[in-house]
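Trainee: Could you take a close look at one part of this protein with me? I'd like to dwell on a single packing contact, with just enough of the surroundings to place it.

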Amino acid sequence: MGVVIIDGSTVRGFVEDEAQFKKSVKERFGELDLNGDGVLSRSEMRKAFESFRLIETHFGAEVFTTPEQLTRLYDSIFEKFDFDHSGTVDLEEFESEMRKIMLAIADGLGSSPIQMALEDDDHSLFKKAADLEVSKSQPSRPSS
Ligand SMILES: [Ca+2]
């Protein structure tokens, strides 16, 4: 367990670094695509939401308490991702919705940093955003 501190500019910088963002989203997508069929099903997405702790604050899950309400919440998030209503979420849909969510969170954070507790094996995009921030703030080493 480690603690990272991120603020709006950390998250925004991560999303706006197009190559890095796409790569991170693609990796995350690959991890979530449990059966490897190239798309995310409703149950694969649900597992993702459950592991994506910030979504609880972003989507207001704290006001949803019963399993039925949670299922409705997850369904409504799924519909957001499944832009063409195909019943599955492909990489493009996943990337564009993640971008929207991350930017909305960046706006919400503004310049007030928050601390996030992350597991060491956390693969969330926030961990990646924080890692990127750390790597950028390191003085560049002279190449040997
Ligand atoms: Ca799948």
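Mentor: Before we lean on any labels, remember that UniProt positions are given here in the numbering used for this chain, and that such annotations may be inferred rather than shown by experiment. With that in mind, the unreviewed UniProt entry carries the annotation "domain: EF-hand" over residues 20-55 and 69-104. Keep in mind, too, that what you're looking at is a predicted model.

Now the setting. The protein has seven helices and two strands, and reading from the N terminus the order goes β-α-α-α-α-α-α-β-α. Of its 144 residues, 19% are buried. If you take the contacts between residues at least 6 apart in sequence, 73% of them link residues at least 24 apart. As for the annotated span 69-104, 75% of it is helix and 0% is strand, and its end C-alpha atoms sit 23 Å from each other.

The part to zoom in on is where helix H1, residues 8-16, packs on helix H6, residues 91-109. Their axes are 7 Å apart and the angle between them is about 155°. Anything over 145 degrees counts as roughly antiparallel, so that is how H1 runs relative to H6. The crossing of H1 past H6 is left-handed.

Who does the touching? On the H1 side you'll find Gly8, Val11, Arg12 and Val15, and facing them in H6 are Arg99, Met102, Leu103, Ile105, Ala106, Asp107 and Leu109. Sort the residues of this contact by character and you get seven nonpolar, one polar and three charged.

Val15 is a handy way out of that contact, as phenylalanine 21 touches Val15 and also Phe14, once you set aside neighbours within four places in sequence. Phenylalanine 21 belongs to helix H2, residues 18-32. It counts as buried because 21 other C-beta atoms lie within 10 Å, and the cut-off for that is 20 or more. Far along the chain, leucine 125 is 104 residues away from phenylalanine 21, yet their C-alpha atoms are separated by 8.7 Å.

For a contrast, swing over to glutamine 115 in strand S2, residues 114-118. Glutamine 115 is exposed, since 9 other C-beta atoms lie within 10 Å. Beyond residues up to four places away in sequence, glutamine 115 touches Val3 and Ile5. The C-alpha atoms of glutamine 115 and isoleucine 6 are 6.5 Å apart, with their places 109 residues apart along the chain.

How values were computed: Residues are numbered from 1 along each chain as its sequence is written. This is a predicted model: local features need pLDDT of at least 70, side-chain atom pairs count only at pLDDT 80 or more; totals for chains, interfaces and linings use all residues. Helices (H or I, at least four residues) and strands (E, at least two) are DSSP runs, numbered from the N terminus. A residue is buried if 20 or more other C-beta atoms lie within 10 Å of its own, exposed if 12 or fewer, and partly exposed in between; C-beta atoms are placed from the backbone. Two residues are in contact if their C-beta atoms, placed from the backbone, lie within 7 Å. Axes are lines fitted to C-alpha atoms, for helices over the stretch in contact, and angles run from 0 to 180 degrees between N-to-C directions. Angles under 35 degrees count as roughly parallel, over 145 as roughly antiparallel, 65 to 115 as roughly perpendicular and the rest as oblique. A crossing is left-handed if the near helix is turned anticlockwise from the far one by less than a right angle, and right-handed if clockwise. Ala, Val, Leu, Ile, Met, Phe, Trp, Tyr, Cys and Pro count as nonpolar, Asp, Glu, Lys and Arg as charged, and the others, Gly among them, as polar.
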